[in-house]
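User: I would like to go through the structural labels for this chain one by one and hear the reasoning behind each. Please set every value against the criterion it has to meet.

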Amino acid sequence: MSNLPTPRDERNLPALSPQPLIRLDAYVAEDGSTVVNGHLLEMAGTQPSNELILDAVAMFARTLRAPVAATVIDRAAQQVARLRVYPDGSSRTIGEEEDLPPGPERTAAEEASFPPLARVERIIRHAEREELHAAFVLASALREHLTLRRGPLDDLSLEARAIEAYLAFRRGDYTLATVLSLAVARIRCRVDLPRAAPDVARATAAWQRLTDETQIATRGQELLHMWDRLAAEGLVRDPAHHAVAQSVRTRLERGNRAATAALPAGAGTAAPAAGAGAEDSAGTPGIPGRRPAEIASETRDGTEDEPLKPTRRGLRRFTRWPGRTASS
């Protein structure tokens with residue numbers, strides 16, 4: 001016997017509802033900041049995020065007098081849940097098989113209630129007011145949902161990730177800005193090389209702010225490999241891009257010389273391939289003994305993330321009995 005709440009009609013009879021057409025989304029950041037449909041509800045507050053989300057979605061359902069669907073990406077719990085929330089405040093989690101099938105129909109339904117461009121405008125307004133944490137959380141929410149709906153290679157997903165990287169840079173988190181912008185550049189190099197140079201330049205600008213020598217070396221080698229590939233294809237046409245690419249090479253060579261100078265006497269001559277300015281198989285100065293493909297595989301670190309997989313139905317924290325609210 002199921003313990004899930006059963007929606008009722010005005011005569012208190014079980015209601016047979018069609019698939020809900022109104023579809024919302026919610027996002028919980030790792031610090032607990034909560035977003036519903038592109039609106040920041042709370043930044044790392046004290047009220048549980050699941051209660052905030054259920055209250056907000058139930059308000060939509062009451063206004064519309066119809067059930068509302070919601071997709072929740074919870075980075076704090078590393079879960080994705082799909083919900084159905086009813087006008088009486090009750091809710092239940094549903095599985096993929098109960099939802100609209102994946103594909104253009106569901107993507108269009110999910111984006112109809114708040115188009116991505118409207119969300120970008122809201123992010124920009126927060127950034128213009130120097131509300132950088134709010135802008136960053138909203139950008140992360142947008143990127144997560146676009147990636148879930150459209151996949152990480154989609155143009156809108158990439159643009160959202162680029163905005164997220166820019167805001168991380170504005171906040172002074174240069175490590176995260178480098179990771180995010182490198183992910184954009186990496187994807188662009190793989191699927192649309194003629195458009196990649198500006199993205200590689202943005203990743204280089206973030207990388208230039210790094211101070212950790214290991215990060216400088218590994219990320220820099222990947223950037224250099226990207227610039228060399230673009231140059232080989234004749235795609236580094238802007239003189240500013242030539243200068244940026246050369247700055248990567250210069251910084252890596254300077255780092256290699258400093259590392260060699262710090263070695264004990266004679267240690268740098270034991271193996272020529274491990275010395276300063278060692279060249280990899282592509283003919284580029286590299287980290288001693290390392291190939292670009294090896295370094296690239298190490299620097300993926302989940303930033304081309306496959307979205308979190310939807311959790312199976314039955315999450316108790318998103319299940320409410322009829323009439324129950326957070327205040328009650």
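Analyst: In this predicted model, residues 24 or more positions apart account for 64% of the contacts in the chain that have a separation of 6 or more. The chain contains 10 helices and 6 strands, and 47% of its 328 residues count as buried. Its exposed area is about 16,300 Å², of which carbon and sulfur atoms supply 55%.

User: What makes helix 3 and helix 4 roughly antiparallel?

Analyst: The axes of helix 3 (residues 116-128) and helix 4 (residues 132-150) cross at roughly 160° and come within 8 Å. Angles over 145 degrees count as roughly antiparallel, and therefore helix 3 is roughly antiparallel to helix 4. The crossing of helix 3 past helix 4 is left-handed. Among the residues that meet there are Val120, Ile123 and Ala127 from helix 3, and Leu138, Leu142 and Leu146 from helix 4.

User: Why are helix 6 and helix 8 called roughly parallel?

Analyst: Here the axes of helix 6 (residues 174-191) and helix 8 (residues 213-232) come within 11 Å and cross at roughly 25°. Because angles under 35 degrees count as roughly parallel, helix 6 and helix 8 are given that description. Helix 6 likewise passes helix 8 in a left-handed crossing, and the residues that meet include Val179, Leu182 and Cys189 in helix 6 with Arg219, Leu223 and Met226 in helix 8.

User: How do you know whether Leu182 is buried or exposed?

Analyst: Leu182, which has its place in helix 6, shows a relative accessible area of 0%. The cut-off for a buried residue is under 20%, so Leu182 is classed as buried. Leaving aside neighbours within four places in sequence, Leu182 is in contact with Ala203, Arg219, Glu222, Leu223 and Met226. Leu182 and Asp199 are 17 residues apart in sequence, and their C-alpha atoms are 8.0 Å apart in space.

User: What makes strand 1 count as paired with strand 2 and strand 4?

Analyst: Pairing requires at least two bridges between the strands. Strand 1 is joined to strand 4 by 6 bridges, the two running parallel, and to strand 2 by 3 bridges, the two running antiparallel, so both cases satisfy the criterion of at least two. Tyr27 illustrates both pairings, since Tyr27 stands opposite Ile73 in strand 4 and has Val35 as its bridge partner in strand 2. In the hairpin of strand 1 and strand 2, which has 5 residues between the strands, Gly32 takes a positive phi near 95°.

User: Why is strand 1 described as mostly covered?

Analyst: In strand 1, 6 of its 6 residues are buried, that is, under 20% relative accessible area. Arg23, Asp25 and Tyr27 point one way, whereas Leu24, Ala26 and Val28 point the other way, and all are buried.

User: What makes strand 3 and strand 6 the edge strands?

Analyst: The 6 strands form an open sheet with mixed pairing, in the order 3-2-1-4-5-6. Strand 3 and strand 6 (91-94) each pair on one side only, and they are the edge strands. From one strand to the next, the twist averages 30°. Helix 1 (residues 49-64) packs on this sheet, touching strand 1, strand 2, strand 3, strand 4, strand 5 and strand 6, and its direction makes about 160° with that of strand 4.

User: How do you know that strand 3 pairs with strand 2, and strand 5 with strand 4?

Analyst: Strand 2 (residues 34-36) and strand 3 (residues 39-42) run antiparallel and are joined by 3 bridges, while strand 4 (residues 68-74) and strand 5 (residues 79-85), also antiparallel, are joined by 7 bridges. Set against the requirement of at least two bridges, 3 bridges suffice for strand 2 with strand 3, and 7 bridges suffice for strand 4 with strand 5. Thr34 stands opposite Glu42 in strand 3, and Thr71 stands opposite Arg82 in strand 5. Asn37 takes a positive phi near 50° in the hairpin of strand 2 and strand 3, where 2 residues lie between the strands.

Key. Residues numbered from 1 in each chain as written. Predicted model: local features only at pLDDT ≥ 70, side-chain atom pairs only at ≥ 80, totals over all residues. Heavy atoms only, no water. Helix = DSSP H or I, 4+ residues; strand = E, 2+ residues; numbered from the N terminus. Axes fitted to C-alpha atoms, helices over the stretch in contact; angles between N-to-C directions. Contact = heavy atoms within 4.5 Å. Buried < 20%, exposed > 50% of the residue type's maximum accessible area, 1.4 Å probe, protein only. Areas by Shrake-Rupley, 256 points an atom, 1.4 Å probe, with all protein chains shown as cover. Parallel < 35°, antiparallel > 145°, perpendicular 65-115°, else oblique. Left-handed = near helix turned anticlockwise from the far one by under 90°.
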